[in-house]
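Work through the exercises below with the structure open beside you. Try each task before you read its solution.

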Amino acid sequence: MSCLLVKNADVYAPEPLGLLDILIINEKIVQMAQGITAPEYLDCQVLDAEGHKVVPGYVDQHVHIIGGGGESGPYSRTPEIFLSELTQVGITTVIGVLGTDGTSRHNESLLAKARGLTHDGISAYILTGSYEIPVHNMTGDVRRDIILINECLGVGEIALSDHRSSQPTRAELEKILTQSRLGGMLSGKAGVVQFHMGVGKRGIDVLFEIVRETEIPAKHFIPTHVNRAFHLFEQAKEFAKLGGYIDITSGIREQDGFPACVKPSNAIKVLYQENIPMDRVTMSSDANGCMSVTLPDGSQKQLAVSPDSFHEEVQAAVLDGIPLETVLRVVSTNPAQANGLYPQKGCLCVDSDADIIIYGEDYAVDTVLAKGKLMVRNGQALVKGTFER
Amino acid sequence: MIKLLKNAEVYAPKYLGKKDVLVIADKVVRIDDKIEGYEGLPEAEIFDLSGKKLLPGYIDMHMHITGGGGEQGPASRVPEAMLSQITSCGITTVLGLLGTDGVTRSVENLVAKARALTEEGITAYCLTGAYGLPSPTITGSVEKDIMMVPPIIGTKIAVSDHRSSNPQGEELIAIGSATRRGGMLANVAGLVTMHMGSGNGKLDPLFYALDNSDIPAKNFLPTHMLRTHELMEEGAKLVRRGGYFDMTAGSTDEEMEIGAEKIMEILSWEGMSTDHLTMSSDAFGSQPKFNAQGECIGLTYCSPKYLHLTIKSLVRRGLPLEEAIKLLTSTPAEMLGKSGVKGCVAVGADADLLVLDEALDIDGLFAKGQVAILDKEIVLKGRFE
């Protein structure tokens with residue numbers, strides 16, 4: 001049994017709750033109140049958070065945990081992620097996805113990696129499938145995967161409006177959405193479908209059609225990379241108004257080789273200022289995916305995305321004047337809700353998992369707890385993955 | 001959140017004497033002569049167990065949680081288990097499996113039911129496969145099922161039975177090695193539970209597998225071993241080679257007493273010990289009766305209550321309680337790969353705790369720290385009970 005008491009926390013749950021103590025036993029928050037004294041018999045470790053903001057751990061719903069890429073042949077396959085790369089930037093929950101390559105990468109390995117990360121301390125889930133249609137799966141079809149595999153929360157990332165997609169038809173997409181929804185229902189999960197959005201001119205046209213003309217609820221749709229092009233970003237605003245989720249990619253920035261994108265922190269700001277329903281907005285990192293960027297001479301350049309962008313963009317958004325509470329919803333509460341993980345994840349409240357970030361100066365990640373376990377202290381990872389140096 | 005169980009005679013299963021046991025959330029966190037300082041704390045519940053015995057919750061290694069049977073057609077399919085039917089018998093951990101019917105009963109169904117029982121409060125594992133070969137699976141192979149789909153921890157197969165596919169040594173080696181490999185890669189037990197019939201082959205396929213492969217005996221658990229005296233003797237040979245076997249408690253009071261007598265007999269044999277024997281209920285599986293022509297002439301189904309009744313009978317016959325309960329606690333936990341977590345009263349173990357009164361009747365039960373039975377009243381119920 002482990003016991004941890006965070007004293008004098010300036011709690012953002014994500015809503016600001018003022019100064020509180022947080023008592024954690026094993027994996028859960030069991031009490032949040034003022035003046036909790038650690039019961040002697042519990043042998044509690046005390047962390048004094050005086051003067052620090054304390055917020056929910058980030059939920060990153062789009063990470064290539066076993067790597068991705070491969071678009072320039074085998075040498076361009078990006079590596080697997082290490083535990084501390086995630087925890088050091090405050091990510092305590094990840095959803096692993098495959099990408100372009102559904103041939104040399106498999107859902108089975110994705111699942112095994114997710115279980116490894118969970119064993120090491122954070123919480124990892126997966127989506128079944130890759131860019132392609134028919135959707136790759138483990139047990140015969142995606143509905144079965146969602147029902148039978150605990151960690152499988154939905155389908156993704158299915159590529160749309162991208163030269164690497166299978167050019168899926170509306171009927172094909174409807175079938176996938178329905179299978180995911182039903183699988184989710186029968187297993188008590190969200191049953192979402194994440195769509196990798198390319199820069200193709202059709203954007204998310206087909207998703208609008210499906211939401212407007214069928215009875216499939218908009219909450220099952222999560223188009224991601226919506227900040228990669230201006231036309232896409234405009235469409236995303238409308239899509240959020242219809243009740244769909246829109247996912248900003250923190251790794252899509254000018255310095256990462258995307259000159260025509262909307263900077264992620266700026267995307268949050270614009271959506272906030274334009275009164276787009278902020279409970280529909282999420283951000284993910286696309287970490288360890290490969291960004292294939294076209295250079296002026298027409299050649300392709302490969303970039304492996306780092307999860308660092310995730311926290312950098314959170315910091316930038318808050319320092320740019322967006323309320324902390326709003327930004328936290330985008331990176332914690334909303335992705336947890338979208339994927340059916342709320343309130344176990346995505347908030348600081350009694351009975352939630354003790355996934356907690358203590359900020360240092362300027363919202364830097366100072367301390368991270370994942371399921372009650374101290375993972376990062378003073379910005380340094382205390383816990384490393386099994387084979388991490 | 002915090003439960004203090006005071007003044008209980010603790011059987012870990014080894015007798016520890018009179019102790020206080022502290023439970024926080026779902027775990028036992030302290031066992032001591034006297035644990036003080038909790039009275040009056042708003043979040044602490046105190047249970048005075050003076051005069052009572054506290055032992056690990058029972059583990060049932062063979063339960064048809066989705067129902068079994070069907071040997072006389074659809075009307076003979078046994079209904080599925082309800083949570084309180086299990087807990088009322090002192091059971092907090094079950095291994096669910098399929099039986100004769102691997103067509104209208106599926107591994108998917110079994111997995112869903114196991115997860116439901118676990119959500120409701122106890123702990124349920126299950127096996128892929130059924131009686132026949134090729135094994136029905138979820139993903140196409142038993143190895144992949146064990147690796148990908150918790151809470152699957154192994155494979156079921158029938159051997160030396162007219163309802164089996166008559167698997168021989170080589171087939172058992174194939175299924176044993178796939179199960180062992182899957183178990184390793186998923187870090188679970190990798191157990192092959194062998195339904196033993198009364199066929200002439202007896203344990204021959206298993207001895208063949210042990211002689212002609214590198215699979216350890218511990219990966220196999222033949223069950224229904226009290227069925228014939230010959231099987232009991234074969235089982236004894238297996239134990240002497242380091243193996244284990246499982247015995248089914250009866251499905252009537254009379255059968256239960258006969259079973260207890262047979263267990264006493266086995267324990268009197270050289271090299272036999274409760275460290276290598278387990279007992280299970282076969283609950284919600286049918287107990288068909290066949291005539292000499294192999295025709296089913298009637299059937300009933302097993303209740304899990306005969307596990308505890310057998311323990312009482314064994315104690316009446318002179319077996320110490322701490323020995324008898326190993327059949328349902330530490331030894332099955334070993335087979336499940338859950339020693340130290342299940343089947344014991346120990347610091348760090350799951351708080352699956354059974355309370356017996358002075359007459360050795362079930363008085364209370366905690367399942368993962370949750371009160372399931374209190375003062376002989378069932379407190380915890382399944383969703384549709």
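**Exercise 1: Unusual backbone spots**

P14(A) sits in the loop that links strand 1 (3-12) and strand 2 (16-25) of chain A. The model is a predicted one.

Task: Find the kind of peptide bond that joins A13(A) and P14(A).

Solution.
- Step 1. Read omega for this bond: about 20°.
- Step 2. Name the bond: A13(A) and P14(A) are joined by a cis peptide bond.
- Step 3. Turn to chain B. The bond from P150(B) to P151(B) is cis as well, with omega near 5°.
- Step 4. Place P151(B): the loop between helix 3 (142-148) and strand 9 (152-159) of chain B holds this residue.
- Step 5. Return to chain A for H225(A). Its phi is near 65°, a positive value in a residue other than glycine.
- Step 6. Place H225(A): it is in the loop between strand 11 (221-224) and helix 6 (230-241) of chain A.

**Exercise 2: The build of chain A**

Task: How many helices and strands does chain A have?

Solution.
- Step 1. Count the elements: 9 helices and 19 strands.
- Step 2. Compare the radius of gyration with the globule rule. Chain A has 20 Å, close to the 21 Å that the rule gives for 389 residues, so chain A is as compact as a globular protein of that length.
- Step 3. Box the chain along its principal axes. The C-alpha atoms of chain A fill roughly 60 × 45 × 45 Å.

**Exercise 3: Two helix pairs**

Two packed helices are described by the angle between their axes and the distance between the axes.

Task: Describe how helix 7 (residues 264-273) and helix 8 (residues 308-319) of chain A cross. Then do the matching job for helix 7 (residues 253-268) and helix 8 (residues 305-316) of chain B.

Solution, chain A.
- Step 1. The axes come within 8 Å and cross at roughly 45°.
- Step 2. That angle makes helix 7 of chain A oblique to helix 8 of chain A.
- Step 3. The crossing of these chain A helices is right-handed.
- Step 4. List the contact. P264(A), S265(A), I268(A) and K269(A) of helix 7 meet E313(A), A316(A) and A317(A) of helix 8.
- Step 5. Sort these residues by class: 4 nonpolar, 1 polar and 2 charged.

Solution, chain B.
- Step 1. Here the axes come within 9 Å, and the crossing angle is roughly 55°.
- Step 2. Helix 7 of chain B is therefore oblique to helix 8 of chain B.
- Step 3. The crossing of this chain B pair is right-handed.
- Step 4. Helix 7 of chain B gives M256(B), E257(B), G259(B), A260(B), I263(B) and M264(B) to the contact. Helix 8 of chain B gives Y306(B), L309(B), T310(B), S313(B) and L314(B).
- Step 5. By class, the contact has 7 nonpolar, 3 polar and 1 charged residues.

**Exercise 4: Domains and chains**

Task: Which elements give two or more residues to the side of domain 1 of chain B that touches domain 2?

Solution.
- Step 1. Set the bounds. In chain B, domain 1 is 2-55 + 345-378 and domain 2 is 57-335.
- Step 2. Locate the C-alpha centres of the two domains: they lie 29 Å apart.
- Step 3. Count the contact: 17 residues of domain 1 and 20 residues of domain 2.
- Step 4. Name the elements: strand 16 (353-356), strand 17 (362-367) and strand 18 (370-374) of chain B.
- Step 5. Sort the domain 1 side: 13 nonpolar, 1 polar and 3 charged residues.

Task: How many residues of chain B are in contact with chain A?

Solution.
- Step 1. Count: 13 residues of chain B contact 12 residues of chain A.
- Step 2. On the chain B side, strand 3 (27-32) and helix 2 (107-120) each give two or more residues.
- Step 3. Sort that side by class: 9 nonpolar, 2 polar and 2 charged.

Definitions and conventions. Residues numbered from 1 in each chain as written. Chains lettered and ligands numbered in written order. Predicted model: local features only at pLDDT ≥ 70, side-chain atom pairs only at ≥ 80, totals over all residues. Axes fitted to C-alpha atoms, helices over the stretch in contact; angles between N-to-C directions. Helix = DSSP H or I, 4+ residues; strand = E, 2+ residues; numbered from the N terminus. Parallel < 35°, antiparallel > 145°, perpendicular 65-115°, else oblique. Left-handed = near helix turned anticlockwise from the far one by under 90°. Contact = placed C-beta atoms within 7 Å. Nonpolar A, V, L, I, M, F, W, Y, C, P; charged D, E, K, R; others polar. Domains from an automatic or database assignment. Rg over C-alpha atoms; globule rule 2.2 N^0.38 Å.
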